[in-house]
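Student: I am new to this structure. Could you teach me how to read it, step by step?

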Amino acid sequence: MSTFQAPKGTYDLTPPDSAKFLAVREAISAPLRDSGYGYIETPGFENVELFARGVGESTDIVTKEMYTLTTKGGSQLALRPEGTASVLRAALQANLHKAGNLPVKLWYSGSYYRYERPQKGRYRHFSQVGAEAIGTEDPVLDAELIILADQAYRSLGLRRFRILLNSLGDKECRPVYREALQTFLRDLDLDEETRRRIEINPLRVLDDKRADVQKQLTDAPKFRDYLCDACKAYHEEVRALLTAAGVAFEDDEKLVRGLDYYTRTTFEFVHDGLGSQSAVGGGGRYDGLSEMIGGPELPSVGWALGVDRTVLALEAEGVELDLPATTSVYAVPLGEEARRVLFGVVTELRRAGIAADFAFGGRGLKGAMKSANRSGARYTLVAGERDLAEGVVQLKDMESGEQSAVPLAEAAAELAKRLG
Ligand code: HAM
């Protein structure tokens, strides 16, 4: 193993590709920031207990995928595998729900960790941008979140994604369905592990990807037939609101999601260009999570979109993001004196808010001009001894190729004018 090898299932973000990730985070968070969501940041690790109780003792995430550690002080911690439990914990700790301003609308962006079998689109360290709306039961809120995610993806230029929608019922109707499903599943021909799953988490069996299992599930009881009237009405309202907003979705009875806290509305954004790891984002309502982690009743809803997979989706669709060059002016000094003088001009430009960069290390004209080109700068400033003796710098427009001498003292002002 080389010392320079990132750990298995992880990768580094380096320029120029890293700019795409920043742009994706920006595009996903912009509609949230414009819709009353405030930024929240929580630690990268939490007490294991939070995820065990919140995400669910029987989920793959908690039983197989969590990075846990014991600190020198004896605390049991886990690197966060997801954001919802942490964000709700933080909101409760800060008493945000008591400020008389429900729902508490929050957005976040960060790294998450799951010990999964790595493959394209599935990593052990990945990045999400998420949103949580805490403390209100209102179908408009569910619709708002789905519409904002749709808007974010569209603003990036993505088109080949679909929204899958389902309802998982509430504490009234879920247990009834669960039991009916268990009775059905117990009669099937299934392996030991799946039989165990029937007893702890039967809904997850519906999510089994194996064809022989899926074949046996054709006649499984449908949640649709078990939803109580309140859940049915709630779901119909969410569907109607999405339709009214022109957001297309597909009803997907098999959508159960991999976390235990969901109630009622659940949804996933899938992209058809991604192969098996097709979920670019997902979320839903979690009306019981607050109580599960020891808080008051706070019905809530949220989602998280995967930044890594969103970037893969952009690549799959051949979408080139319009990323403006970060440097507007590139300075190329030829000689000691020019170095000092042009660095002064660069500093002046930067202070005036103009993005400027500099050919460091006393490089020759040819190499420095190559860097100027690569920087994407609209203008270069070149100066040698003779220019300085005449009190000028050469200002080159990299688009037209035109070059002219400008008095040194006016260089910054001239650039400011030309760059508008
Ligand atoms: P999740 O479906 O587990 O939901 O993750 C959301 C998104 O994160 C996925 O759709 C995927 O794009 C990305 N993701 C998950 N695992 C990986 C991985 N191993 N590698 C790359 N990307 C990954 C949640 O995390 C919930 N907290 C969402 C939520 C918020 N529900 C309510 N509020």
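Student: Which nitrogen or oxygen distances should I look at between the ligand and Tyr262?

Tutor: This is a predicted model. Look for pairs of N or O atoms within 3.5 Å. Here, an N or O atom in the side chain of Tyr262 lies 2.6 Å from a nitrogen atom of the ligand.

Student: Which polar backbone atoms come into play?

Tutor: Take Gly281: a polar atom of its backbone is 3.2 Å from an oxygen atom of the ligand. Trp303 also uses a polar backbone atom, 3.3 Å from a ligand nitrogen.

Student: How much of the ligand's accessible area does the protein cover?

Tutor: On its own, the ligand has 650 Å² of accessible area. The protein covers 96% of that.

Student: Which elements give two or more residues to the shell around the ligand?

Tutor: Strand 6 (125-134), strand 10 (279-285) and strand 11 (300-306) do. Strand 10 gives the largest share, six residues.

Student: How many residues surround the ligand, and which are the closest?

Tutor: There are 27. Glu82, Glu116, Tyr123, Glu132 and Tyr262 are the closest. Sorted by class, the shell holds 11 nonpolar, nine polar and seven charged residues.

Student: Back to strand 10. Is it mostly covered or uncovered?

Tutor: Count its buried residues, those under 20% relative accessible area. Six of the seven residues in strand 10 are buried, so defined.

Student: How do strands pair in a sheet?

Tutor: They pair through backbone hydrogen bonds, either parallel or antiparallel. In this model, strand 10 runs antiparallel to strand 9 (residues 263-271), with six bridges joining them. Strand 10 also pairs with strand 11, again antiparallel, over five bridges.

Student: Which residues are bridge partners of Gly282?

Tutor: Glu268 has Gly282 as its bridge partner in strand 10. In strand 11, the partner of Gly282 is Ala304.

Student: What is the strand order in the open sheet of three strands?

Tutor: The order is 2-4-3, and the pairing is antiparallel. Strand 2 (45-47) and strand 3 (68-70) each have a single partner strand, so one side of each has no neighbour in the sheet. On average, neighbouring strands of this sheet are turned by 35° against each other, direction ignored.

Student: How many bridges join strand 3 to strand 4?

Tutor: Three bridges join strand 3 to strand 4 (residues 76-79). One example is Thr68, whose bridge partner in strand 4 is Ala78.

Key:
Residues numbered from 1 in each chain as written. Predicted model: local features only at pLDDT ≥ 70, side-chain atom pairs only at ≥ 80, totals over all residues. Heavy atoms only, no water. Near = heavy atom within 4 Å. Polar contact = N/O pair within 3.5 Å; in protein donor to acceptor, adjacent residues only side chain to side chain. Areas by Shrake-Rupley, 256 points an atom, 1.4 Å probe, with all protein chains shown as cover. Helix = DSSP H or I, 4+ residues; strand = E, 2+ residues; numbered from the N terminus. Nonpolar A, V, L, I, M, F, W, Y, C, P; charged D, E, K, R; others polar. Pairing = 2+ DSSP bridges. Axes fitted to C-alpha atoms, helices over the stretch in contact; angles between N-to-C directions. Buried < 20%, exposed > 50% of the residue type's maximum accessible area, 1.4 Å probe, protein only.
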